[in-house]
Amino acid sequence: MSRLSGKVAIVTGGASGFGLGITKKFVAEGANVLVLDINEQSGQNLLEIFHDSKQVKFLKADVTKESDWKQAVELAVSDWHKLDVVVNNAGTTYPNKPSLTVTEQDFDKVFAVNVKSVYHSFNVVIPHFIEQGTGGSFIQISSTAALRPRPGLTWYNATKGAVSIASKSMAVEYGPNNIRFNCVCPVAGETPLLASFMGEDTPEKRAAFKATIPLGRFSQPSDIANSVAFLASDEAAFLTGLDLEVDGGRCI
């Protein structure tokens, strides 16, 4: 039997980058997955990838809006009769730059997408998990930036720190309800945000960044997906409040 057989999951930002890798892994492990993504074209591309599968559904959604979260839970439960896992993967950043040049618009956007979306997911889904009576699992895609912040992305780093700390706090508060909260902390990977993290995507910038990673490469979506699938599985039933570094040794 597959590791996630019979489980129902919501994956935000699940149509590209790390999120697509997580969606593919969850489907391979037997889960039914509702993908939320604000990019409708990416969602349609996702449905083409899984055109023969009844395990994947797509909902165009803005994860910074509570109403979209309520719609997502209603859709997952109406189609698959329950919800077991939420993966808060959707995220954004601004280009790496001196922190005094970060605009209020930059600040508001990064906190809305990276933090407010998680706030809404907790507020909407936790009551459902409690009513369902079988517990549940939240997995946030945090970042090595939450654990080893570097210059130039101060307010992005702060959003990931907020997500990691909130997850630990909620793990304690809702542990008695058998609801688990864990974070996966990737190092920068081969995703559309890579150029923003580095400031610009050049061979020289890539080489310099890789030199800071002991295993000598960027993360891949499969690296993150494998860790998320484990935390979503019953094998991780006694794990909560973790920041799991998937970073090739970057945070050592």
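Visitor: What makes strand 1 and strand 4 (residues 85-88) a pair?

Guide: In this predicted model, two strands pair if DSSP finds at least two bridges between them, and strand 1 and strand 4 share three bridges in the parallel sense, so they meet the criterion for pairing. One residue to look for in this pairing is I10, which stands opposite V86 in strand 4.

Visitor: How do you know that strand 1 (residues 8-12) and strand 2 pair, and in which sense?

Guide: The requirement is at least two bridges, and strand 1 and strand 2 are joined over five bridges in the parallel sense. In strand 2, V35 is the bridge partner of V11, while L36 is the residue that T12 stands opposite.

Visitor: Which order do the strands of the open sheet take?

Guide: The sheet has seven strands in the order 3-2-1-4-5-6-7, and the pairing is parallel. At the edges stand strand 3 (56-60) and strand 7 (243-246), each with a single partner strand, so one side of each is left without a neighbour in the sheet. From one strand to the next, the twist averages 20°.

Visitor: Why is strand 2 (residues 32-37) described as largely enclosed?

Guide: Buried means under 20% relative accessible area, and six of the six residues of strand 2 fall in that class, so the strand is largely enclosed by the rest of the structure. In a regular strand the side chains alternate between the two faces of the sheet. For strand 2, N32, L34 and L36 point one way and V33, V35 and D37 the other way, and all are buried.

Visitor: What makes strand 1 mostly covered?

Guide: Five of the five residues of strand 1 are buried, and both of its faces are covered, with V8, I10 and T12 on one side and A9 and V11 on the other.

Visitor: Which strands do helix 2 (residues 40-49) and helix 3 lie across?

Guide: Helix 2 lies across strand 2 and strand 3, running at about 170° to strand 3. Helix 3 lies across strand 1, strand 2, strand 3 and strand 4, and runs at about 160° to strand 2.

Visitor: Why is helix 4 called roughly parallel to helix 5?

Guide: Helix 4 (residues 104-132) and helix 5 (residues 154-174) pack at an angle of about 15°, with their axes 9 Å apart. Angles under 35 degrees count as roughly parallel, and that makes helix 4 roughly parallel to helix 5. Their crossing is right-handed. On the helix 4 side the contact includes F107, V110, F111 and N114, and these and others meet residues of helix 5, among them W155, Y156, M170 and Y174. By class, the residues of this contact divide into 15 nonpolar, three polar and one charged.

Visitor: What makes helix 3 oblique to helix 4?

Guide: The axes of helix 3 (residues 66-80) and helix 4 come within 9 Å and cross at roughly 40°. An angle of that value is not under 35 degrees, nor is it in the range from 65 to 115 or over 145, and that makes helix 3 oblique to helix 4. Helix 3 passes helix 4 in a right-handed crossing. E66, W69, K70, V73 and V77 in helix 3 meet S117, H120, S121, V124, V125 and H128 in helix 4, and this set of residues comprises five nonpolar, four polar and two charged.

Visitor: How do you know that V124 is buried?

Guide: The relative accessible area of V124 is 13%, and buried means under 20%, so V124 is buried. This residue has its place in helix 4 and touches E66, W69, K70 and V73, not counting residues up to four places away in sequence. The C-alpha atoms of V124 and L244, which are 120 residues apart along the chain, are separated by 25 Å.

Visitor: Why are helix 1 and helix 8 called oblique to each other?

Guide: Helix 1 (residues 17-28) and helix 8 (residues 221-232) pack at an angle of about 50°, with their axes 8 Å apart. That angle lies outside the ranges for roughly parallel, roughly perpendicular and roughly antiparallel, and the two helices are therefore oblique to each other. Helix 1 passes helix 8 in a right-handed crossing. In helix 1 the contact residues include F18, I22 and F26, and in helix 8 they include P221, I224 and V228. The residues of this contact divide into nine nonpolar, three polar and one charged.

Terms used
Residues numbered from 1 in each chain as written. Predicted model: local features only at pLDDT ≥ 70, side-chain atom pairs only at ≥ 80, totals over all residues. Heavy atoms only, no water. Axes fitted to C-alpha atoms, helices over the stretch in contact; angles between N-to-C directions. Helix = DSSP H or I, 4+ residues; strand = E, 2+ residues; numbered from the N terminus. Left-handed = near helix turned anticlockwise from the far one by under 90°. Contact = heavy atoms within 4.5 Å. Nonpolar A, V, L, I, M, F, W, Y, C, P; charged D, E, K, R; others polar. Buried < 20%, exposed > 50% of the residue type's maximum accessible area, 1.4 Å probe, protein only.
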